[in-house]
Amino acid sequence: MITATELPTIPPSTATGVNGVTAPRPRAALLARLLDPEQVIMFDGAMGTMLYARGVFINQCYDELVLRSPDLVREIHAAYVKAGAEVLETNTFGANRAKLTQYGLEGQVTAINTKAAQLAREAAGEQRLVSGAVGPLGVRLEPYGPTAKEEARALFREQMAALKAGGADCFLLETFTDLEELEQAILAAREVDAGMPVIAQATVGPDLRTAFGASPEDIARVLDRWGVDVIGLNCSVGPQTILDAIERMAAVTTRKLSAQPNAGMPREVGGRSMYMASPEYMATYARHLIQAGAKIVGGCCGTTPDHIKAMVEGVRPLAPRTRVIVARDESGAVRDEPIGREPVPLAQRSRFGAKIASGQFVTSVEIVPPRGVDTVKLEIDAAALHKAGVDAINVPDGPRAQSRMGAIAASLIIERHGIEAVTHYCCRDRNLLGMLSDLLGASALGLRNMLLITGDPPKMGPYPDSTAVFDIDAIGLTNLVSKLNRGLDPGNNPIGEPTRFVVGVGVNPAAIDPAHELKRYHWKVEAGAEYAITQPVFDPAQLEHFLTSISDVRIPIVAGIWPLVSARNAEFLANEVPGVTVPKEVLDRMRKANDKSKEHALAEGIAIAREALERVRESVQGVQVSAPFGRIELALEVFG
């Protein structure tokens, strides 16, 4: 076991405090070593892996165990102490209010974090340090989600204040994929105690990038600029990938580096996820990591006290390593992230975009993609609408959670016939990386006009048990596409030639909560929306009221028009389709017409749609007319 005297230590005269942190002499000396860029420090390994191995099922809140089973948590800490760990992490990775709310434990934030720090402190004694472990909130921050940065910072601050009160010596911010969220955690740590050391660790995938596209160099430069005490990586991948990333980070920062890899990548063995890297393998790579520049080493998922013991023994002989000088600009500061290019002018992106940019009235018809692979009718309809002079065809993306041909594929088929598509693209079915891949592919294939929506939940459709992703919502997706139009991915990394999307969003003038809808509209415009298409309008007065409410932030509005075909159709839209409001007067008209005949009902539906179009024509910049049941002739009748 490595003790404080077996590795190089700082002179006794400097061991009285670090950054204003006061502690008994053994802890003060170790705190000083923690910040010394040449001193090697060994952290512990996984807590969750050990709890699971001892029979705690994954459907429980592991953080709450510090209150329900404190002896179990204390025993695991003690096992890592025996293995030679010099710093113990508190069992608080998910102990923030946002995550604890999922278990009904939002009122226990202070109690859980304080107790967790106390348990680690008891096991650590005065010869080792306790790091307050803080993980991501599990929610999306603006601009890709609904959580404000200030709100996130407050949630982190609440957790960290309790960790400090329980006896933590430093903060370990770990497993972050979003650097903007990590920034809020760093700011919160400084607000709780500006003198407590902060170790900030991101996580990368096998491609050496975060989920938001940041490279190891990006992570190092940004965290260097933000002034954290230690920059590092943990989780998600094994030691080989972490080693590759550390080598690249060491070349661009003089900050101390940390590395806590998983015990390899998990494999399915007998229905269980198992981490296959042996203690000896982890020890070998611990040496490689230190030689590459990481002076803080430990383990993440899959690592045990046996792994840490082998790593301690493996790094014992290593001497301090000379650091690489970071490349900086003329002023000596770390280079800033790229800001991207100027977007291609709207008028040059598509014919549809050119008409919107010039203020001309645009016409479009909505056609739902086929249920199967037969595209004959879709192609016939596309050719007919092109001949009729319609500007574009709107292509929904799994409306009402129905299983249909993908909107991107259907749009490409439509555009073969000379008419442009407006491709609806929803967040429901894809994570952020999947969306990025789809959008880059769509751009390369020539699609330009997009309508970005959140998407209907699966429970509305025929497969209610299917999983919804909702990694981001329509506001976050608008931010993503706006960045792509500037030649940047979500992590602000250049992608080369920018995309040329015409960025549209949905808006509902008849929303149940008008104030919330208005806020979302403003956020979408702020995110980069260039036009908006409304839900079907059956009450023109309601649309006019909405247009008045957005007069301060106005982008071109395209009104949705839906020709009703029967009273039953009207009642279905009124009662079973989210976001659609059919006034009583319209329902009454359709019922009276339906009593005469189906033909009268159809004619009345067309008449109502025409009336709505004529009334709103001067207030909007276009209309999207739906083709009910795929009957484009009904949509064309609305145009007259």
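**Close-up views of charged side chains**

**View 1. Asp381 sits in helix H14, which spans residues 376-388.**
This is a predicted model in which residues are numbered from 1 along each chain as its sequence is written, local features need pLDDT of at least 70, and side-chain atom pairs count only at pLDDT 80 or more, while totals for chains, interfaces and linings use all residues. Side-chain values use heavy atoms, with hydrogens and water left out. Helices (H or I, at least four residues) and strands (E, at least two) are DSSP runs numbered from the N terminus. Is Asp381 buried or exposed? Asp381 is buried, because its relative accessible area is 8% (buried is under 20%, exposed over 50%, partly exposed in between, with a 1.4 Å probe and protein chains only). Ile367 is 14 residues away from Asp381 along the chain, and the C-alpha atoms of the two are 8.6 Å apart.

**View 2. The whole chain gives the setting for the close-ups, with its 23 helices and 18 strands.**
Measured out along the principal axes would be one way to picture it: the C-alpha atoms fill a box of roughly 95 × 55 × 50 Å. Of the 640 residues, 55% count as buried.

**View 3. Lys256 belongs to strand S7, residues 256-260.**
Here is a buried lysine that has no salt bridge (a side-chain nitrogen of Lys or Arg within 4 Å of a carboxyl oxygen of Asp or Glu). Which side chain of opposite charge is nearest to Lys256? That is Asp36, 6.1 Å away. The backbone is a different story: the side chain of Lys256 reaches the backbone oxygen of Asp36 at 2.8 Å. A polar atom of the Lys256 side chain also lies 2.8 Å from the backbone oxygen of Arg33.

**View 4. Arg74 and Asp71 pair up within helix H4.**
Side chains of opposite charge can pair when their charged atoms come close. The salt bridge between Arg74 and Asp71 has its closest N and O atoms 2.6 Å apart. The two partners are 3 residues apart, about one turn of the helix. Arg74 is partly exposed, at 26% relative accessibility, and Asp71 is partly exposed too, with a relative accessible area of 47%.

**View 5. Lys164 and Asp193 form a salt bridge, with 3.1 Å between the closest N and O atoms.**
Lys164 lies in helix H7 (149-166), while Asp193 is in the loop between helix H8 (179-192) and strand S5 (198-202), so the pair ties together parts that are 29 residues apart in sequence. With a relative accessible area of 36%, Lys164 is partly exposed.

**View 6. Arg341 meets Glu497 in a salt bridge of 3.7 Å, N to O.**
Why can this pair be said to tie parts of the chain together? Arg341 is in the loop between helix H12 (305-315) and helix H13 (351-358), and Glu497 is in the loop between helix H17 (474-484) and strand S15 (502-507), so the parts that the pair ties together are 156 residues apart in sequence. Arg341 counts as partly exposed at 45% relative accessibility, whereas Glu497 is exposed, at 52%.

**View 7. Arg27, Arg121, Glu126 and Asp169 are linked in a network of salt bridges.**
How many salt bridges does a search of the whole structure find? The search finds 34.

Conventions
Lys, Arg positive; Asp, Glu negative; His and termini not counted. Polar contact = N/O pair within 3.5 Å; in protein donor to acceptor, adjacent residues only side chain to side chain.
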